[in-house]
Amino acid sequence: MRKCEYCGKEFEPKQSRSKYCSRECQVKGFHASRPKGETKKCKWCGKEFFAPHKGIKYCSLLCKMKAADEQRTIIAEQKKQEKKPIKCKHCGAEFVPRHKRQIFCCEQCGYEYRYEHTPKKKSKGIREYNSRICAICGKEFVPSNSIQKYCSKECSRKAQYSKNKKEIVVNSERPKKKTAKISPASQWFAKMSLREISEECARLHISYGKASLMAMNNMLPEDFGKRCK
């Protein structure tokens, strides 16, 4: 027999290390054995407060945030002190960089340095091409680019005009498509009113949609619409 460490009741242990008589006593005994809170001094304001566990250092969230802000400012100042002054790449003046990649003391120095050291674009006409013969007038000329075929704008306009003219001639020579003949019933269908068409559809026992489809394909009966004359 063994005594329960929480309630003092005698019980027969199922295992050699059993301390409590039941599950309830085990849970209650566990919570009772945990260390209770204690009174502490706030690290920011110095006010005494009750801390339920050891990890709490500040009396309120406000004190915790103020302490964190102070810590950030201290770290930032330390980083500033650690940074060594360097010379500007353009003007040579000493300055403390804000980050590792900063090489100019100000934006103006950066603009001036890039303007001086960036390669300027080549102007048109510097590259020399071999002389060619104009496709319209036959005159020899030096082209300004690798695609130029004509010596002047007038020759290029003439070439464009002649090209368009040829296209017009070719299109005019093409045989015209034969248009399908429209049946007289389909012609009547186009001229008839909605009331007249519905009367004819009722007479022939067909729907309006079917009648319109038949009219498109010239399949309407010859007597369609003749009564409505």
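When I speak of helices and strands this morning, I mean runs assigned by DSSP, of at least four residues for a helix and at least two for a strand, numbered from the N terminus. With that in hand, I can place Ala 93, which is found in the loop between β5, residues 86-87, and β6. Please keep in mind throughout that this is a predicted model.

Let me stay with Ala 93 for a moment. At a relative accessible area of 35%, Ala 93 is partly exposed, because that value falls between the limits for buried and exposed, which are under 20% and over 50%. If we set aside the neighbours within four places in sequence, Ala 93 is in contact with Ile 86, Lys 87 and Cys 88. Looking the other way along the chain, the C-alpha atom of Ala 93 is separated by 7.3 Å from that of Cys 105, a residue 12 places away in sequence.

Before going further, here is the overall picture. The protein has 229 residues, of which 17% count as buried, and there are seven helices and eight strands in it. About 20300 Å² is exposed, and carbon and sulfur atoms supply 53% of that area. Among contacts between residues at least 6 apart in sequence, 14% join residues at least 24 apart.

The next residue I would like to look at is Gln 102, in the loop between β6, residues 94-95, and α3, residues 107-117. Is Gln 102 buried or exposed? Gln 102 counts as buried, because its relative accessibility is 9% and the limit is 20%. A polar atom of the Gln 102 side chain lies 2.6 Å from the backbone nitrogen of Arg 98. Leaving aside the neighbours within four places in sequence, Gln 102 is also in contact with Ile 86, Phe 95 and Pro 97, and you will recall Ile 86 from the contacts of Ala 93.

Now to the nonpolar cores. In soluble globular proteins, nonpolar side chains tend to be buried together. The largest nonpolar core in this model has 11 residues in all, including Ala 185, Phe 189, Met 192, Ile 197, Met 214 and Phe 224. The elements that give two or more residues to this core are α5, residues 184-191, α6, residues 194-204, and α7, residues 208-216. Which of them gives the most? That is α7, with three residues. Phe 224, itself a member of the core, is in contact with Ala 185, Trp 188, Phe 189, Met 192, Glu 200, Arg 203 and Leu 204, once neighbours within four places in sequence are left aside. A second, separate core consists of five residues, among them Phe 95, Phe 104, Cys 109 and Tyr 113, and Phe 95 is one of the residues that Gln 102 contacts.

Turning to charge, side chains of opposite charge can pair when their charged atoms come close. How many salt bridges does the structure hold? It holds three. I will begin in helix α6, where Glu 200 and Arg 203 lie three residues apart, about one turn of the helix, and their side chains meet in a salt bridge at 2.8 Å from N to O. Glu 200 counts as buried, at 3% relative accessibility, whereas Arg 203 is partly exposed, with a relative accessible area of 24%. Both of these residues are also in contact with Phe 224.

Helix α6 also holds Arg 195 and Glu 199, four residues apart, again about one turn of the helix, and the salt bridge between their side chains spans 2.9 Å, N to O. Here Arg 195 is exposed, with a relative accessible area of 54%, and Glu 199 is partly exposed at 41%.

The remaining pair is in helix α2, residues 61-82, where Asp 69 and Arg 72 lie three residues apart, with their closest N and O atoms 2.6 Å apart in the salt bridge. Asp 69 is partly exposed at 42%, while Arg 72 is exposed at 54%.

I will finish with the strands β3, residues 38-41, and β4, residues 48-51, which pair in the antiparallel sense over four bridges. Within this pairing, Thr 39 stands opposite Phe 50 in β4. The two strands form a hairpin with six residues between them, and in the turn Gly 46 has a positive phi of about 80°.

Technical notes
Residues numbered from 1 in each chain as written. Predicted model: local features only at pLDDT ≥ 70, side-chain atom pairs only at ≥ 80, totals over all residues. Heavy atoms only, no water. Buried < 20%, exposed > 50% of the residue type's maximum accessible area, 1.4 Å probe, protein only. Polar contact = N/O pair within 3.5 Å; in protein donor to acceptor, adjacent residues only side chain to side chain. Contact = heavy atoms within 4.5 Å. Areas by Shrake-Rupley, 256 points an atom, 1.4 Å probe, with all protein chains shown as cover. Core = buried A, V, L, I, M, F, W, Y, C linked by side-chain atoms within 4.5 Å. Pairing = 2+ DSSP bridges. Salt bridge = Lys/Arg side-chain N within 4 Å of Asp/Glu carboxyl O.
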